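Below are some comments, arranged as numbered points, for a colleague who has the coordinates open. They go from one element to its partners and then on to other parts of the fold.

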Amino acid sequence: MSAAVPEPAAVSARRRRTREQLLAVLARHDALSRAELARLTGLSRSAVGACVSDLVEQGLVGEGPATAAPAGPGRPAAVVRLRRGAGIVLGLDFGHTHVTAAVADTEGRILAERGEILDVDGRPQQALDAGARLAHAALAACGATMDEVVGAAAGIPGPIDVRTSVVREPTILASWIGLDPEAELGARLRRPVTVANDADMGARAEHLYGAGRGIDDLVYVKASHGIGAGLILGGRPYRGATGIAGEIGHTQLPGAINWCRCGNQGCLETVVSVGAVRRRLEHVLGGAAPDRLPPMAELAASPAAARVLTDAGRTVGRVLADLVNCLNPAAVILGGELGAAGEPLVAGVRESIDRHAGQGGAGAVRVLGGRLGERAELLGAVAAAIQSSSAAGPAVTAVTRPAAPAAVSR
Ligand SMILES: [Zn+2]
């Protein structure tokens with residue numbers, strides 16, 4: 001399938017703004033020298049120089065001689081031009097409490113990004129409106145328009161019936177049940193939008209650019225408020241007959257008795273959702289409020305917290321062991337907010353798979369932490385948008401396999 005390269009690691013907010021400013025100015029002019037770019041943006045010559053070099057290296061702009069003869073003596077000043085031949089794509093990520101929109105070129109390089117914190121779960125119409133607003137804001141930020149968009153895709157944290165594109169039960173997104181996000185977003189953006197479950201988007205991104213590069217049979221677990229898995233089988237996303245393949249959050253655990261929002265008792269999600277794990281962490285760390293706890297990656301350094309996380313990993317691993325027996329994947333990749341805990345969680349999952357999966361399956365599977373962190377779902381939406389643009393027709397050029405993987409942080 002089409003592939004893409006995510007933006008370089010750890011682009012600071014300031015560098016991202018500089019980048020967007022330059023791309024926006026270049027979108028309005030055919031070609032500009034570095035000096036003209038500095039004048040038009042108000043940025044320093046050195047800031048422009050560094051950013052242009054980055055953009056040239058990433059293939060987003062080209063730099064070469066101006067076509068007109070130079071006015072003065074000496075070497076003609078090189079001019080910078082935008083390279084956006086194949087059009088641009090839009091990726092949207094709807095989390096439980098945030099919406100993010102990214103504009104990328106058809107090789108997956110992020111051009112601009114806008115996000116907002118809001119109650120996605122409880123206010124679907126407002127969240128969908130925000131998605132459209134942020135998409136337009138991200139387009140404006142890099143000087144692009146909706147007319148240039150050749151593909152758009154969005155991930156939402158709930159199961160979507162592939163036959164009807166409607167959100168199904170059981171889902172944390174109770175107020176989204178029965179909604180058709182493809183139709184809703186399509187109407188707002190006035191163009192087709194591919195929508196999939198966010199774990200499927202995360203699986204796509206980790207497969208193309210992250211821990212799963214080169215691994216064509218993998219299970220990606222998004223462990224956050226809910227727990228879901230995205231499957232890549234034979235190199236392709238697998239969603240099942242109705243689109244809910246990988247909904248492992250409602251697998252019943254022996255001995256667990258808490259009631260789940262799906263109406264059953266003892267589901268995996270009742271024991272290892274990020275909220276439940278945070279409450280346990282709060283307890284062992286001496287009463288810190290769950291919303292004041294440091295990020296998972298930092299918590300993992302505390303031995304007491306690491307024990308809680310390893311125990312959570314064992315519980316998830318018990319369910320994953322059955323999936324490993326069924327699917328015989330080459331890797332299990334742990335993502336989402338809980339996945340950010342890294343080694344302690346990985347160790348617990350590994351332990352349960354070794355213990356409960358058949359010898360052949362357990363021995364063949366690697367358990368890995370995700371490499372794209374909480375950006376996996378957004379980058380997966382960008383990849384799905386690129387794929388939808390390739391599927392739409394021959395206007396879009398083929399794109400290449402990604403270069404070196406990039407660890408991307410927010
Ligand atoms: Zn349940």
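1. In strand 11, L218, Y220 and K222 point one way while V219, V221 and A223 point the other way, and all of these residues are buried. Please keep in mind, here and throughout, that this is a predicted model. Since six of the six residues of strand 11 (residues 218-223) are buried, the strand is largely enclosed by the rest of the structure.

2. Which strands pair with strand 11, and in what sense? Strand 12 (residues 227-233) runs antiparallel to strand 11 and is joined to it by six bridges, with A223 standing opposite I227 of strand 12. These two strands form a hairpin, with three residues between them. Strand 14 (residues 331-335), by contrast, pairs with strand 11 in the parallel sense over five bridges, and in this pairing V221 of strand 11 stands opposite L334 of strand 14.

3. The zinc site can be described from its ligands outward. The protein donors of the zinc ion are H250 through ND1 and C260, C262 and C267 through SG, and they lie 2.0 to 2.3 Å from the ion. Along the sequence, the donor residues follow the spacing H-x9-C-x1-C-x4-C.

4. Why is the arrangement around the zinc ion called tetrahedral? The four donor atoms subtend angles of 104 to 123° around the ion, and four donors count as tetrahedral if all angles lie between 85 and 135 degrees. Two of the donor residues can also be placed with respect to the surface: C260 is buried, with a relative accessible area of 10%, and C267 is buried as well, with a relative accessible area of 0%.

5. An open sheet of five strands has the order 6-5-4-7-10 and mixed pairing. Its edges are formed by strand 6 (110-117) and strand 10 (194-197), each of which has a single partner strand, so that one side of each is left without a neighbour in the sheet. From one strand to the next, the twist averages 15°.

6. Within this five-stranded sheet, strand 4 (residues 88-94) and strand 7 (residues 149-156) pair in the parallel sense over six bridges, and L90 stands opposite A152 of strand 7. Helix 5 (residues 181-189) packs on the sheet, where it touches strand 4, strand 7 and strand 10, and the direction of the helix makes about 140° with that of strand 10.

7. How many aromatic pairs does a search of the whole structure find? The search finds one, made up of F94 and W176, whose ring centres are 6.0 Å apart and whose planes stand at 70°, so the pair is edge-to-face. The pair links distant parts of the chain, since F94 belongs to strand 4 and W176 to the loop between strand 9 (166-167) and helix 5, with 82 residues separating them. F94 counts as buried at 0% relative accessibility, and W176 likewise counts as buried at 0% relative accessibility.

8. A further open sheet, of three strands, has the order 1-3-2 with antiparallel pairing. Strand 1 and strand 2 (61-65) stand at its edges with a single partner strand each, so one side of each is left without a neighbour in the sheet. Strand 1 runs antiparallel to strand 3 (residues 78-82) and is joined to it by two bridges, with L32 standing opposite V80 of strand 3.

9. Two helices deserve mention alongside this sheet. Helix 1 (residues 13-28) packs on the sheet and touches strand 1, strand 2 and strand 3, its direction making about 90° with that of strand 3. Helix 3 (residues 45-57) also packs on the sheet, but its listed contacts are with strand 2 and strand 3, and its direction makes about 105° with that of strand 2.

10. Is S33 buried or exposed? This residue, which lies in strand 1 (residues 32-33), is buried, with a relative accessible area of 11%. Leaving aside residues up to four places away in sequence, S33 touches A77, A78 and V79.

Note on methods: Residues numbered from 1 in each chain as written. Predicted model: local features only at pLDDT ≥ 70, side-chain atom pairs only at ≥ 80, totals over all residues. Heavy atoms only, no water. Donors = N, O, S within 2.8 Å, 3.2 Å for Na, K, Ca; no water. Tetrahedral: all angles 85-135°; square planar, octahedral: opposite > 155°, others 65-115°. Buried < 20%, exposed > 50% of the residue type's maximum accessible area, 1.4 Å probe, protein only. Pairing = 2+ DSSP bridges. Helix = DSSP H or I, 4+ residues; strand = E, 2+ residues; numbered from the N terminus. Axes fitted to C-alpha atoms, helices over the stretch in contact; angles between N-to-C directions. Contact = heavy atoms within 4.5 Å. Phe/Tyr/Trp six-rings, centres within 6.5 Å; stacked < 30°, edge-to-face > 60°.
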